[in-house]
Protein chains: 2
Amino acid sequence: MKRVSLKTIANELGVSSATVSLVLNGKNINGRVSNEMSKKILDKATELNYVPNTLAKGLKVGKSKSIGLIIADVSNLFFGALALHIQNYAHANGYTVLIGNTNENINEMEHMIKFLYARQVDGLIITPTENSQHLLNNLKKNNVPLVLVDRCFPDMEVNSVMINNYDISYQSTEELINKGCKNIAIVTYRQDHYHINERRNGAIDALKNSGINDENNVEEVSYHNLKDDITFSIEKLLKRNPKIDGIFFTTNSISINGVKALIKNKINIQKDIQIMCFDENDAFYILPYTVPFIKQPIKEIAKNAIELLIEQIESKSIDESKNIVLKAELVLNETRVHQ
Amino acid sequence: MKRVSLKTIANELGVSSATVSLVLNGKNINGRVSNEMSKKILDKATELNYVPNTLAKGLKVGKSKSIGLIIADVSNLFFGALALHIQNYAHANGYTVLIGNTNENINEMEHMIKFLYARQVDGLIITPTENSQHLLNNLKKNNVPLVLVDRCFPDMEVNSVMINNYDISYQSTEELINKGCKNIAIVTYRQDHYHINERRNGAIDALKNSGINDENNVEEVSYHNLKDDITFSIEKLLKRNPKIDGIFFTTNSISINGVKALIKNKINIQKDIQIMCFDENDAFYILPYTVPFIKQPIKEIAKNAIELLIEQIESKSIDESKNIVLKAELVLNETRVHQ
DNA sequence: CTGAAAGCGCTTACAG
DNA sequence: CTGAAAGCGCTTACAG
């Protein structure tokens, strides 16, 4: 694959590569280069099908025009969609995205940071794994432009884009209460993530305020063994308290696997037990009954994260960090509820 | 973000950067550098937390150690999973993946090729859009290492990794016939993709060989307006031939939307109408009945694509192209069928 | 055993 | 109006 460089064009036209660079980058201000030469260069560039070497440019100007995206689990639909939208917004701004996957493993996260750093990314968007504060602090210390998405550490001064986890969980649980549920369970991860805890706390506070909170109705499952664990948890929950008539699932994967487990146990969902799920899933539209869920504004999250990151990259000023909170939406599918 | 370069290490130790480069790259053969200096350099590198600049190296050696992945539709679960696995295999081999999305649009595909070319990718993995042969021929002419996945143009000499579309579709349709279906419909895209046509042909040949083929039972839907179109198509199909007792869906997205449309029409799936889907979907495990589907070996596809591409990149020899065909699996979930 | 030099493809002051 | 030169961070023949 023979590449055409600036020099090729310069040589063919008998000018210097500096001149060609200037013209091709539109930096030919105040008649720096004559109009005819300018036209000649432009024509020659299209004739030879010139494509600039972004790497060389990056080396010279110290910016790679690429960003790193470190995602916890690419096989998760939510993260997949997020990654897609981040790519689209990045491309629209002339940036490339390099994606890395951590599988919620902190060593993988450290490795990915190094990998991306070696590739000169101009900044990072990260969904941090548990206990990764020291890695983030290290980035901060080195002034690496950084935005956390989906998750954050509230005691750290880092830019972040989050949703209103507490509020939306409070509202969703209230919705279950309004539907008449008296024994509402919460199924969540056994993990110390701020955003997950917020969801749990929002739900619990809603229950408390209605005077129906029961600590025994909180069930924790493990992330790495979710599929088996959740069936076990659901069965335990139902055995311990057969009066359970509502369940709030705190995440995407817990929701879908929780629904599977309920069906396996021949529970008549939305009749015996009302549920409330996190994130949309194709499966919900296929079930013979309707499933209410919390819809995250994924596109908006992506848009804000990219904007926040590029802002940091392109203005040197390291002002105080911004924490953007977007509102999630409660989708009840009411029209189908009462059919 | 102050970067540590080879020169930093060289200066601190009073040696040349050439020496440092040699040692750090493990190219210190036959005692080129003394053991003590070697150790000093290694120690200093870890002390200063040296991370090599992959871009500079790429510029020098003419290889970026990155590959481009051009996907038709990242929001499609199948492609999402494929992208994930390709990333994993690429990383394991020291390569970065830059992903681009075409939305099945040929102009986007052309743009992405240019975008990735400017970023000096060493090769491309592509799921080509319709009528993109000229773009691929152009790449071939320039000796760009290239592998097509999921789709191909059988009359072009290009490397590809495919599944046995014809055979698996034939088998799947036979399965419907074996279950007693006499009026089997095929729902497929109105598109000229070889792999989709193979699926349709496999199904039709199975019907012909059983003497129950009826051309009126083939329904074509449009890609860009799938959700509306499919409901319309299903209704048309059922009206035209109320005896339909089996449907073969030729893709992932047609399957999931087809199932939705059937449910919307109060069809009792697997009782009134048996179905056969392409690709796995969470939703299938949630339905009160079982759904048989064709499972593609996504990991294997990814693995073979990466291996084929890296082989081309690293050996200059441009031998004839390889066309790998992997076997898909028919998942019947038999244990649940008869419950 | 080790260093000086050239060069990958670009951009950007500087000098005319 | 335009060119020569330096340099981004590397690697690789070449010379000693």
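Aromatic pairs, counted where the ring centres of Phe, Tyr or Trp (its six-membered ring) lie within 6.5 Å, with planes under 30 degrees apart taken as stacked, over 60 as edge-to-face and the rest as tilted, number eight over all chains. One of them joins A:F284 and A:F293 in a tilted arrangement, with 6.0 Å from centre to centre and 35 degrees between the planes. Both A:F284 and A:F293 are buried (under 20% relative accessible area, with exposed meaning over 50% and partly exposed in between, for a 1.4 Å probe and protein chains only). The model is predicted, so that local features need pLDDT of at least 70 and side-chain atom pairs count only at pLDDT 80 or more, whereas totals for chains, interfaces and linings use all residues. Residues are numbered from 1 along each chain as its sequence is written, chains are lettered from A in the order in which they are written, and side-chain values use heavy atoms, with hydrogens and water left out.

When the copies are superposed by least squares on the C-alpha atoms of residues with pLDDT of at least 70 in both, chain B can be laid on chain A with an RMSD of 0.0 Å by a turn of 180 degrees and a shift of 0.0 Å along the axis. The two copies are thus related as by a two-fold rotation axis, and in chain B the C-alpha nearest this axis, at 2.0 Å, belongs to B:A283. With contact meaning heavy atoms within 4.5 Å, 98% of the interface residues of chain B are also interface residues in chain A, so the copies meet through the same surface.

Charges also sit over rings, as judged by NZ of Lys or CZ of Arg within 6 Å of the ring centre and within 35 degrees of the ring normal. A:R3 lies over the face of B:Y117, 3.7 Å from the ring centre, and the charged end of B:R3 is placed over the ring of A:Y117, 3.7 Å from its centre.

Salt bridges (a side-chain nitrogen of Lys or Arg within 4 Å of a carboxyl oxygen of Asp or Glu) number 26 over all chains. Among them, A:R151 and A:E104 meet at 2.6 Å, N to O; A:R151 is buried, with a relative accessible area of 5%, and A:E104 is likewise buried, at 13%. A:E219 forms a salt bridge with A:K236 (3.1 Å, N to O) and another with A:R240 (2.6 Å, N to O). Here A:E219 is buried at 5% relative accessibility, while A:K236 is partly exposed at 37% and A:R240 partly exposed at 42%.
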